[in-house]
Amino acid sequence: MASRRFLSGDEACAEGVRLARPHVVSAYPITPQTVVVERLSEMVERGDLNAEYVHVESEHSALCCAMGASCTGARTFTATSSQGLLYMAEVLSYAAGGRFPIVMMNANRATALPWNIYGDQRDSLALLDHGWIQAYVLDNQEALDMMLMAYAIAEDPRISTPFMVNLDGFAITHTYETVEIPSQEQADEFLPPYETANRFDFENPVNMGYSAGPEYNRYYKYCAHKAMKAAESVIEETEERFAQVFGRKYPGMVEAYRCDDADYVLVTLGSIAGLARSVVDARRAEGQKVGLLRIRYMRPFPYARVAAALEGAKAFGVLEKDISFGAEGTVFTNVNSALQRAGFVMPSLNFVGGLGGDDISEADIDGMFEALASRAAGEKTCEQVVFLGVDAPWMAGKEA
Amino acid sequence: MEEMETYGVPANAPAIRIPTLQDTQLDPLQFAQSTCFPAGHLVTKNAGWRQVRPVIDPTACTACLQCYLYCPDGTIRKTHADPVDSTQAAVFVDLDFCKGCGICKRVCKFDAIKMVPESEVD
């Protein structure tokens with residue numbers, strides 16, 4: 001029987017991992033991820049989860065350990081955040097190149113310096129090129145459900161690619177909501193045991209993690225790219241199957257909310273989409289044609305779905321908790337690329353906010369829609385890349 | 001929107017499959033699906049930029065092994081040839097790794113090594 005409990009995002013994530021029955025959990029605690037690994041170690045201690053819990057000495061070791069375990073055909077889990085994720089960076093490409101379907105939870109948190117433990121998305125967005133599938137969840141239920149789907153997608157023999165599930169630090173990891181916890185029977189029906197040929201086997205000895213020089217290297221990268229692109233349809237298949245078993249249907253790689261006839265669309269990802277949604281509802285109630293596009297997957301990037309949602313808009317904005325210094329927010333770059341591929345040209349603004357856990361208010365999102373309307377009318381009231389709380393046009397005349 | 005790419009998984013999508021050394025044809029699009037392979041070290045020849053190659057005259061070679069000691073890339077190996085056997089030199093050059101630098105020719109006191117342009121061999 002499924003049950004309902006009042007859980008934080010971290011706890012929901014731990015419940016999802018428990019239901020996935022990993023053989024090995026290796027992790028190093030870091031705020032705001034700590035509760036995930038505390039709960040998992042308690043589950044192992046109590047016997048609720050029959051896994052080897054490895055207390056490693058660093059995040060680099062955590063992922064190395066998960067990779068070594070995956071080499072034996074084990075289902076593996078690790079979790080980290082911010083500097084810990086950056087410390088893992090070397091191993092991220094190892095795990096992806098070896099095609100080990102490790103699932104990792106990342107609590108999105110600011111990167112140093114200045115030192116800061118609060119939420120933004122600069123940690124994972126800096127690592128989009130390392131070959132991991134990257135998903136960003138909206139709430140605690142999605143966090144739990146995404147853990148089960150992550151294993152199903154990552155371990156699909158057509159994909160065999162590691163999977164990073166991103167939860168906004170504190171906004172999701174430490175916020176409590178009622179979450180439905182599926183039964184183990186349901187989880188087992190949805191997620192079969194991991195089987196792979198990509199592992200050590202005494203009967204059929206293999207060499208793993210070898211080198212490949214210039215002559216062959218490109219083939220490995222090509223295959224990894226193709227597998228990641230193939231994940232697009234496997235994600236949809238998996239969500240379909242998930243809905244059949246659990247009765248909750250997720251909207252695919254993007255969630256287009258009231259975008260169909262929208263003049264102005266705000267594109268964002270993670271927990272802030274919840275607030276943006278209520279602003280969209282309020283403005284729709286006043287007859288304004290606005291929409292919200294929530295990106296659920298940054299890798300593979302849903303080019304076609306993003307372009308389809310923005311088709312016909314007069315202007316769009318991307319709100320993200322990231323800045324690639326000297327350029328723009330990385331999500332903005334990716335969205336622009338999707339439109340360029342589709343041949344769409346429209347005015348756009350990039351709203352960089354929430355850095356280091358800074359609050360993004362309803363008034364900010366209202367301001368974004370106003371700024372988009374004036375941009376579409378040809379006015380230039382701000383730079384294309386706007387820093388919320390610094391040079392946002394709706395700040396004019398107000399105390400910062 | 002016609003030009004928009006759509007990505008489906010083709011029915012014949014390559015799942016991870018570990019090739020065997022008995023496979024008659026090793027297709028990189030198959031084995032590059034993972035880094036898991038029987039004896040799967042892919043040897044890379046590291047000699048692509050060699051313009052001239054050392055050719056050893058076994059009748060002049062005295063097995064002094066100076067070339068073997070001086071080769072900066074360790075590409076010269078000792079053979080088990082009898083030093084008085086003039087049909088087989090005491091050393092041979094691993095051409096998968098020789099860069100053609102000519103140091104072996106330079107140190108050879110018996111003019112037993114000639115540097116021959118690649119275009120004139122094979």
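This tour goes through a predicted model, beginning with a sheet in chain A and ending at one residue of chain B.

Select the strands of the open sheet in chain A, where 7 strands follow the order E3-E2-E4-E5-E7-E6-E13 with mixed pairing. The edges are formed by strand E3 (52–55) and strand E13 (297–299), each of which pairs on one side only, and neighbouring strands are turned by 20° against each other on average, direction ignored. Within this sheet, look next at strand E6 (residues 133–136) and strand E7 (residues 163–168) of chain A, which pair in the parallel sense over 4 bridges, with A:Ile133 standing opposite A:Phe163.

Now add helix H3 (residues 59–70) of chain A, which packs on the sheet and touches E2, E3 and E4, its direction making about 165° with that of E4(A). Helix H4 (residues 82–97) of chain A lies across E4 and E5, running at about 120° to E4(A).

Turn then to helix H6 (residues 140–155) and helix H8 (residues 214–246) of chain A, whose axes come within 10 Å and cross at roughly 130°; the two helices are therefore oblique to each other, and their crossing is right-handed. Among the residues making this contact are A:Met149 and A:Ile153 of H6(A), together with A:Val234 and A:Phe242 of H8(A), and the residues of the contact divide into 7 nonpolar, 1 polar and 2 charged.

Finally, select B:Phe92, found in strand E4 (residues 91–93) of chain B. B:Phe92 counts as partly exposed because it has 17 C-beta neighbours inside 10 Å, and, leaving aside neighbours within four places in sequence, B:Phe92 is in contact with B:Arg77 and B:Thr79.

Key: Residues numbered from 1 in each chain as written. Chains lettered and ligands numbered in written order. Predicted model: local features only at pLDDT ≥ 70, side-chain atom pairs only at ≥ 80, totals over all residues. Buried ≥ 20, exposed ≤ 12 C-beta atoms within 10 Å, placed from the backbone. Contact = placed C-beta atoms within 7 Å. Axes fitted to C-alpha atoms, helices over the stretch in contact; angles between N-to-C directions. Parallel < 35°, antiparallel > 145°, perpendicular 65-115°, else oblique. Left-handed = near helix turned anticlockwise from the far one by under 90°. Nonpolar A, V, L, I, M, F, W, Y, C, P; charged D, E, K, R; others polar. Pairing = 2+ DSSP bridges.
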